[in-house]
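Biologist: I would like to learn how to read a ligand site and a cavity. Could you take me through an example?

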Amino acid sequence: MHYYSTRNRSNPVSFATAALTGLAPDGGLFIPEEIPSYPGRVKNSLGTMNFFDIAFETIRPYVHPELPDSVLEDLVHSAYPFAAPLVSVGDRLVLELFHGPTAAFKDFGARFMARAFSYLRRGEDKPLRILVATSGDTGGAVADGFYGVEGISVTVLYPKGRVTPLQEKQIAGLGGNIDALAVEGSFDDCQALVKAAFGDEDLRKRLVLSSANSINVARLIPQAIYYSAAAGKAFAGKIDSDSEATPRAPDGQGASKTFTAYGVKAGNPITFCVPSGNFGNLTAGLYALKMGAPIRGFIAATNINKTVPDYLESGEYHARLSQATISNAMDVGAPSNFERMAAQWTLEQLRNMIRGVHVSDEDTRKTIAAVHDTYAYFLDPHGAVGWRATDILSAGNDPVKGPLAVLATAHPAKFAETVEPLAGPVPAPAAIKNALGRIASARVIPAELSAFRNSL
Ligand SMILES: *Cc1c(COP(=O)(O)O)cnc(C)c1O
């Protein structure tokens, strides 16, 4: 597969180049030259294939032949020792994407990317150094994904005192090939330092630098896997049972109050509601749809940072400054993947596939409380935005036709400060207990390039 820049279709590059360079030289994002289709045998058996086989078949055409089949097969097994269960909650379905080591969906992209980078860099004697600036969630997923991966080291920069204690332990509690820098400044300062480092000649001579942000194709593509797996399952009329980390309230009698309006119905394509910020997750969902997974369409759910829902409604795109909310991993006013969506589909095509809805913090809080009270299930603030968005559409004059799954992008215990006052104590899964047991150890640096340069 070749990749083009969203801004220039005349310079195709390989998967390896697109992945290892991240951003195209002209500032655009890499997109595949075409979206492949699943072969018929795969399309017809998505409902019975296991997760690894779906992962292999989904990723293969995008990375072939640079990741040979045997390598890709080992890679998906080592990247995904956890599931993405589709469970029933009240009147609808929830696709739980928080069963990985950092309890958020970014594990799917980060873990694949780390292993792909390691393979693509095999035999090079200079180690690769990944620089990541994070406001909280991304840093943990990238640190965990690359932890212990050979030939690669990671430097995570985060704003000192502005991430949660859990996030700090996920970033700075691993050690080994993961280096954490607590920057005396804001997230923007961290991002500016990373950008400056890439432009610094001395550093570029000394080190092989790369980034791991969410626009990288190696993080984007693996996110299509769980859409295809869940869509196949629902189309076959199947759901999953609860697992250890499924956040049901232990005292929840309300769980028996179920309705089937949005449950699975064999032979019916599913609608996914995707809580969105940079729109990488939703873009990957569009890939799964185009590859042939039985998907009816998508709901793009945002918080008050509603740039994309406004675009779908008015047809005009206006990026804005981001506003702080309780679903802070979606506080994005200028979604980076929008450029990718707009380069691959027209407004009309996007409108046919996606409906946009935004949700206020007040409604998000009410939803966390109501879903707990009615269905004995804990939603995190991001998943709650998705849940509420589907309610808003269902109350309108063009309600969603089932089956319908809300993507739960993070475990509620990850956002206990917000969830517990509304819904009571949330049982923490093993991944979060493990992380809480670590001791964060970061070096503190001022927000200056000279200090950053010396620390590398
Ligand atoms: C990153 C993130 C999102 C937003 O995903 P995008 O791909 O940026 O749209 C939603 N929820 C959680 C918990 C996240 O960490």
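Biologist: How many Å lie between a backbone N or O atom of G280 and an oxygen atom of the ligand?

Modeller: The distance is 3.2 Å, within the 3.5 Å allowed for a pair of N or O atoms in a polar contact. Before we go on: this is a predicted model, where local features need pLDDT of at least 70 and side-chain atom pairs pLDDT 80 or more, while totals for chains, interfaces and linings use all residues. Residues are numbered from 1 along each chain as its sequence is written, and side-chain values use heavy atoms, without hydrogens and water.

Biologist: Which residues come nearest to the ligand?

Modeller: A residue counts as near if one of its heavy atoms lies within 4 Å. Of the 15 residues around the ligand, the nearest are K106, G277, N278, F279 and T409. G277 places a backbone N or O atom 2.8 Å from a ligand oxygen atom, and T409 has a polar side-chain atom 2.8 Å from a ligand nitrogen atom.

Biologist: How much of the ligand does the protein bury?

Modeller: The protein buries 96% of the 380 Å² that the ligand exposes when taken alone, by the Shrake-Rupley method with a 1.4 Å probe.

Biologist: And how do I read empty space?

Modeller: Rolling a probe the size of a water molecule over the atoms shows where space is left empty. A cavity is a set of points on a 1 Å grid, over the protein atoms alone, where a 1.4 Å probe fits but cannot get out. Here there is one cavity of 30 Å³ or more. The largest cavity has a volume of about 40 Å³, the space filled by probe spheres set on the points.

Note on methods:
Polar contact = N/O pair within 3.5 Å; in protein donor to acceptor, adjacent residues only side chain to side chain. 1 Å grid on protein atoms, 1.4 Å probe; cavity = no way out; pocket = protein on both sides within 12 Å on 5 of 7 lines; lining within 4 Å.
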